[in-house]
Amino acid sequence: MPHLVILYTANLDRDTNMTALCRALADTLLQLRDDDGQPVFPTGGTRVLAYPAPHYAVADDGTAGKAAGGDGDYAFVYLNLRMGAGRSDAIKQRAGNDLLTRAKAHFEPIFHKKHLGITLQVDEGAQAFDGKHSNLHPLFMK
Amino acid sequence: MPHLVILYTANLDRDTNMTALCRALADTLLQLRDDDGQPVFPTGGTRVLAYPAPHYAVADDGTAGKAAGGDGDYAFVYLNLRMGAGRSDAIKQRAGNDLLTRAKAHFEPIFHKKHLGITLQVDEGAQAFDGKHSNLHPLFMK
Amino acid sequence: MPHLVILYTANLDRDTNMTALCRALADTLLQLRDDDGQPVFPTGGTRVLAYPAPHYAVADDGTAGKAAGGDGDYAFVYLNLRMGAGRSDAIKQRAGNDLLTRAKAHFEPIFHKKHLGITLQVDEGAQAFDGKHSNLHPLFMK
């Protein structure tokens, strides 16, 4: 943890580099600090995955978008951060705000020429079982 | 919100049009009314995304399906609606029933020639953070 | 139910057969027994779906991995089992442990030559609506 999963309409792949967004948001998570100035998340446990949906439907059938001068092929990006339980509410708000700010900056160039919705939510995991196996963490524990 | 995410076995892409299903289910959500006759969900916030899984395993290894005259390549569709908290239980049941009824109608033509399971669940979000940025909503607020 | 959804970095498709992993984990679920020796999950309701993420960012930018002799293109596998509510905590732990053990065995051959993180979590569903339509269950109720 944390895991940030991004679900989005595949039409965005024409207009923007989603791998760059993944890297930018991973860096945002890694730069997050708690009230003592310590990193909130471990480097080796920070992951961002993005999935274009080949099939989608957003809002109406495109009528309103075309009437407003767009192409009616609306785009949508849903960012869901799942983090471990037990962190303060202030940290959760900071994580959400920082990620949303970074995502907005990424999409700014296309926000003015495309109808696009961005939603970011932070969930606290409540798993009944949590198991791990990794050779990544040791890389960052020197 | 609401977000309807559909996860399904990729073998269904041969037999049915999943983009059409997305549109049909988005329309089902938009047509939903509360007890006062008002729309339950905002047009600009209604999204359906569908993802074919290139790798999957369903039930047994196909033995039972072949014995029953099928090809043993079972299909599965999981529809998960996440909606904001605070709506009545009656609305949640109506949303679930209407979506399942529409999905069943969509798959009816292949239900008689293929082994197929459909599961639809409605979750109420309990997010710790919820942020949005959109130029879609203004299209529908005239 | 149960549904096991696997989200992973697409770089793993070069190194391992994810369809084989899906089948192996479905069999692990089907072999699970409760304290009375009865199957925990119904055959017709057991599903595993795996999704490679075409866009991803894991940990740092690859610097630490390269310094350790790797290629810096870290891999990550997130396995999430969602099961119906009401089963004992012991069953949940057993399901988690058995799945993680099987997944570790699958990735063992590449664990020694690639930087890779595996996380498995078991969630208990708390859905507000649960609907099904299937011709799979009857195949396994003889």
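## Helix H3 of chain C

The bend at a residue is the angle between axes fitted to the seven residues ending there and the seven starting there. By this criterion, helix H3 (residues 89–111) of chain C bends by about 35° at Ala105(C), and Pro109(C) follows within four residues. Helices (H or I, at least four residues) and strands (E, at least two) are DSSP runs numbered from the N terminus.

Burial is assigned from C-beta atoms placed from the backbone: a residue is buried if 20 or more others lie within 10 Å of its own, exposed if 12 or fewer, and partly exposed in between. Ala95(C), Gly96(C), Leu99(C), Leu100(C) and Ala103(C) of H3(C) are buried. Their cover includes helix H1 (18–31), strand S4 (75–83) and strand S5 (116–124) of chain C, together with strand S6 (129–134) of chain A.

## Model and confidence

This is a predicted model, in which local features need pLDDT of at least 70 and side-chain atom pairs count only at pLDDT 80 or more, whereas totals for chains, interfaces and linings use all residues. Residues are numbered from 1 along each chain as its sequence is written, while chains are lettered from A and ligands numbered from 1 in the order in which they are written.

The pLDDT is the predictor's confidence in each residue, from 0 to 100. Chain A averages 96, and 99% of its residues score at least 70. For the complex, the predictor gives an ipTM of 0.96 and a pTM of 0.97.

## Symmetry of the copies

Copies are superposed by least squares on the C-alpha atoms of residues with pLDDT of at least 70 in both. A turn of 120° with a shift of 0.0 Å along the axis lays chain C on chain B with an RMSD of 0.0 Å. That is the relation of a three-fold axis. The C-alpha of chain C nearest the axis belongs to Tyr51(C), at 5.0 Å.

Chain A is likewise superposed on chain B by a rotation of 120° and 0.0 Å of shift, with an RMSD of 0.0 Å. In chain A, the C-alpha nearest the axis is that of Tyr51(A), 5.0 Å from it.

## Contact between chains A and B

Residues are in contact if their C-beta atoms, placed from the backbone, lie within 7 Å. The contact takes 34 residues from chain A and 29 residues from chain B. On the chain A side, S5(A) gives the most, with nine residues. That side divides into 19 nonpolar, eight polar and seven charged residues. Here Ala, Val, Leu, Ile, Met, Phe, Trp, Tyr, Cys and Pro count as nonpolar, Asp, Glu, Lys and Arg as charged, and the others, Gly among them, as polar.

Only 3% of the interface residues of chain A are also interface residues in chain B, so the copies meet through different surfaces. Strands pair if DSSP finds at least two bridges between them. S5(A) and strand S6 (residues 129–134) of chain B run antiparallel and are joined by six bridges. Gln121(A) stands opposite Asp130(B) in S6(B).

## Contact between chains B and C

Here, 29 residues of chain C are in contact with 34 residues of chain B. Strand S1 (3–9), H1, strand S2 (47–53) and strand S6 (129–134) of chain C each give two or more residues to the side that touches chain B. By class, that side has 14 nonpolar, 11 polar and four charged residues.

Six bridges connect strand S5 (residues 116–124) of chain B with S6(C), and the strands run antiparallel. Lys132(C) in S6(C) is the bridge partner of Thr119(B).

Conventions
Two residues are in contact if their C-beta atoms, placed from the backbone, lie within 7 Å.
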